[in-house]
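The following exercises introduce the reader to one molecular structure. Each task is followed by a solution in steps.

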Amino acid sequence: MSTTYDLFTGFAESWTASWEGAHRQGTDLVRLQLADGMKVLNLATVTTTRGVETSGVRIEALLNAINWPADLMDIEVGQSQVQAVTLDKANVLAHIQEVAASESGQFFIATDGVATFFDRFHTTLLDETNDVWGDEVGEKHYASVTPSYDDQTLWNEVTVTAPDLADQTASDAISQALFSGPVGGRSRTLSVSTLLTTTGDMLDRAEFLVSKYAIPEQRISAMNIDNGSLDDTQWPRILMKDLHDRIIVKKRPAGDVISQPSFIEGIQIDDNAGHWRITWNLSSTALQEGQWELGTAGKSELGTTTTLVTS
Amino acid sequence: MSLPTITVSLGQLTGWTLGTSLLGTDTYLATYEYTPITSRVMDFSIRRGRQHELDRIETGTASVTLINQDGAVTPTNTSSVYYPDIRPMVPIKIQATITVNPAEITGLVAWYDFSAASTLFEDTARTDPVDIDTDLIKGVTDLSGAGHHLSEATNPPTYKTAIQNGLSVARFDGTNDELSVTGLTAPSSGWTWLGVFVKVGALSAATDTVVSLADAAARIQLFTDTDDHATGMNYYQNDAAGVTTNVATGPMTWGTKVMRANSISSLDIYTGGGTPVNLNPDNNVLTTQTVIGLGHNQNDNTNYGDYDIGEVLLYNVALSATDMNTLGNYLAAKWNVPWTTVT
């Protein structure tokens with residue numbers, strides 16, 4: 001009995017021939033380069049007028065406008081309203097990405113070629129039985145994890161912009177004092193361009209981002225899997241994964257236990273003559289809005305999606 | 001280590017006529033038929049998503065190195081079977097296939113897959129395959145090759161489509177539905193039964209049986225019964241110490257249950273893998289495995305249970321942890337049910 005998993009669906013960009021070795025004795029190779037459906041969207045332009053609507057409705061309207069097949073769409077309605085717009089031969093991908101950024105959602109082409117949009121409250125349930133990756137017996141094993149604890153994504157001032165609306169800024173003075181060295185009180189500014197419709201929504205976004213990024217935290221930013229670290233039973237859990245799927249990664253350095261409920265932000269797969277190497281870029285689920293709801297499966301399990309803190 | 005098998009497929013136009021069909025309307029990804037070009041793949045890589053959660057998700061990319069000694073993927077080779085589709089913007093799919101064949105694990109003596117419609121029949125002679133939802137399943141082909149086909153002429157279960165993970169199941173009504181087979185050989189040293197199922201109706205005071213493994217006089221039985229016993233699943237061996245309660249949990253949600261007889265007096269029961277409940281019956285647990293009854297107590301034709309059953313496997317050996325994990329993960333991926341690694 002076999003199970004087949006889509007890993008990539010896209011389009012050929014180039015077929016580049018190369019000839020190695022002597023004439024008629026070497027190896028003729030062709031290097032096939034591929035891009036997914038984002039390339040099609042990037043090639044497409046659209047001319048249309050849209051009123052204020054939710055992010056998902058806007059994205060679906062653009063896909064429909066360019067005859068993107070309905071059976072290759074999985075678009076959520078969205079939580080945020082985006083501004084009315086008149087588009088004149090506008091790049092479809094650029095506008096969709098701007099809308100997705102306004103929502104703080106994710107737009108991507110899934111492994112099966114489906115154009116997918118998750119709004120910022122999208123819930124991907126954790127399979128805490130099958131998707132706990134760690135270094136103890138009973139956990140699925142990885143080859144290595146990439147920890148990070150640095151100031152590369154430290155933002156203590158966030159400015160959210162939107163056309164025809166006043167910029168909204170949130171800042172964290174404590175962080176600015178802590179992370180500016182001897183000169184003190186300098187900001188590290190993140191600017192977020194959106195199509196949000198109210199300054200209230202913009203300020204909420206700015207405050208949320210500052211609350212999450214003003215203080216650097218130990219995090220696992222990637223998990224690396226090598227087929228040398230696997231047993232056969234792990235393959236289904238690897239091959240079925242797509243962007244924004246949820247896992248827990250555990251690492252137990254001396255004197256500590258790091259347990260990070262994570263979203264998969266990026267997937268890299270390399271197979272060279274049967275040597276598989278897979279890397280999942282990860283983010284903590286705590287960095288996404290709407291991931292905790294009291295009494296909701298997948299959003300408030302103590303010890304799994306929820307950490308109890310007393311003070 | 002068995003590696004996944006990679007398939008790279010080339011999308012070729014179907015039903016499209018040059019000069020007539022409208023580009024952008026009549027042709028697109030969904031109108032392509034994919035032809036594997038896998039035999040010539042040397043290596044591949046894929047990059048999708050983003051590095052950091054605040055980045056935009058950019059275009060996913062992949063690259064594949066193809067061996068082209070025969071020139072078949074040379075764009076200008078008009079004699080190639082792929083001509084004229086070796087060109088930019090032709091659709092390409094990269095897929096991975098994992099093959100798990102329960103029959104390759106030693107000891108399989110019965111295998112019933114209710115998601116495989118071609119193995120389910122509306123007659124006990126197994127000549128008339130089920131066609132549609134609500135057809136009655138009177139015959140089931142044993143996929144193990146051992147010939148232990150299930151049958152029931154009078155009160156068979158119902159074929160129900162798209163029930164769990166998009167797959168079909170057999171629905172036993174709890175009133176009189178059953179399927180059974182006789183003639184198995186009692187194992188000499190151990191056996192393992194695996195089943196994927198869910199209870200359809202609420203737990204009740206009735207004895208609702210999902211499976212009984214029996215001989216002419218005795219049986220073991222996995223069932224629920226809130227009247228005399230606990231709210232989980234219970235185990236009964238009528239020639240031994242009677243009922244043992246709460247040997248398995250979760251009959252109200254889809255899951256895999258495993259019973260593994262390790263010896264004549266040691267039986268492990270697993271709920272979705274993990275740590276088993278170990279029983280030490282005071283009579284032989286090996287002698288009763290000559291009859292399989294699904295949905296009822298095989299000895300007495302009583303204790304009918306209302307269950308949706310997806311798949312059942314029986315081995316005449318006590319499977320190793322590795323083999324149980326292979327099968328548990330196979331069932332987990334197929335039926336979208338949990339499986340915790342057995343150690």
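**Exercise 1.** How many residues does the contact take from chain A, and how many from chain B? Describe also the side of chain A that touches chain B.

*Solution.* The model is predicted.
Step 1. Chain A brings 68 residues to the contact, and chain B brings 68 residues.
Step 2. The elements of chain A that each supply at least two residues to this side include β1 (2-20), β2 (27-36), α3 (92-103) and β17 (258-272).
Step 3. The most comes from β1(A), with 15 residues.
Step 4. Sorted by class, the side of chain A that touches chain B holds 31 nonpolar, 25 polar and 12 charged residues.

**Exercise 2.** In which sense do β1(A) and strand β5 of chain B pair, and over how many bridges?

*Solution.*
Step 1. Strand β5 of chain B spans residues 91-99.
Step 2. The pairing of β1(A) with this strand is antiparallel and runs over nine bridges.
Step 3. Within β5(B), Thr99(B) is the bridge partner of Ser2(A).

**Exercise 3.** Which domains does the domain assignment of chain A give? Examine then the contact between domain 1 and domain 3.

*Solution.*
Step 1. The assignment gives domain 1 (38-118), domain 2 (132-149 + 217-287) and domain 3 (157-213).
Step 2. Between the C-alpha centres of domain 1 of chain A and domain 3 of chain A the distance is 26 Å.
Step 3. Their contact takes 10 residues from domain 1 of chain A and nine residues from domain 3 of chain A.
Step 4. On the side of domain 1 of chain A that touches domain 3 of chain A, β6 (81-82) and α3 of chain A are the elements that give two or more residues.
Step 5. Of these, α3(A) gives the most, with four residues.
Step 6. By class, that side has four nonpolar, five polar and one charged residues.

**Exercise 4.** Which residues have the most contacts inside the largest nonpolar core?

*Solution.*
Step 1. The largest nonpolar core has 156 residues.
Step 2. Those with the most contacts inside this core are Ile96(A), Met223(A), Ile309(B), Leu314(B) and Leu331(B).
Step 3. Helix α1 of chain B (residues 321-335) gives the most to the core, with seven residues.
Step 4. Apart from neighbours within four places in sequence, Leu331(B) is in contact with Leu194(B), Val196(B), Thr256(B), Glu311(B), Val337(B) and Trp339(B).

**Exercise 5.** What ipTM and pTM does the predictor give the complex?

*Solution.*
Step 1. The complex receives an ipTM of 0.91 and a pTM of 0.71 from the predictor.
Step 2. For chain B, the mean pLDDT is 86, and 90% of its residues reach 70 or more.
Step 3. Where pLDDT is low, the predicted coordinates should not be read in detail.

Conventions: Residues numbered from 1 in each chain as written. Chains lettered and ligands numbered in written order. Predicted model: local features only at pLDDT ≥ 70, side-chain atom pairs only at ≥ 80, totals over all residues. Contact = placed C-beta atoms within 7 Å. Nonpolar A, V, L, I, M, F, W, Y, C, P; charged D, E, K, R; others polar. Pairing = 2+ DSSP bridges. Domains from an automatic or database assignment. pLDDT = per-residue confidence, 0-100. Core = buried A, V, L, I, M, F, W, Y, C linked by C-beta atoms within 7 Å. Buried ≥ 20, exposed ≤ 12 C-beta atoms within 10 Å, placed from the backbone.
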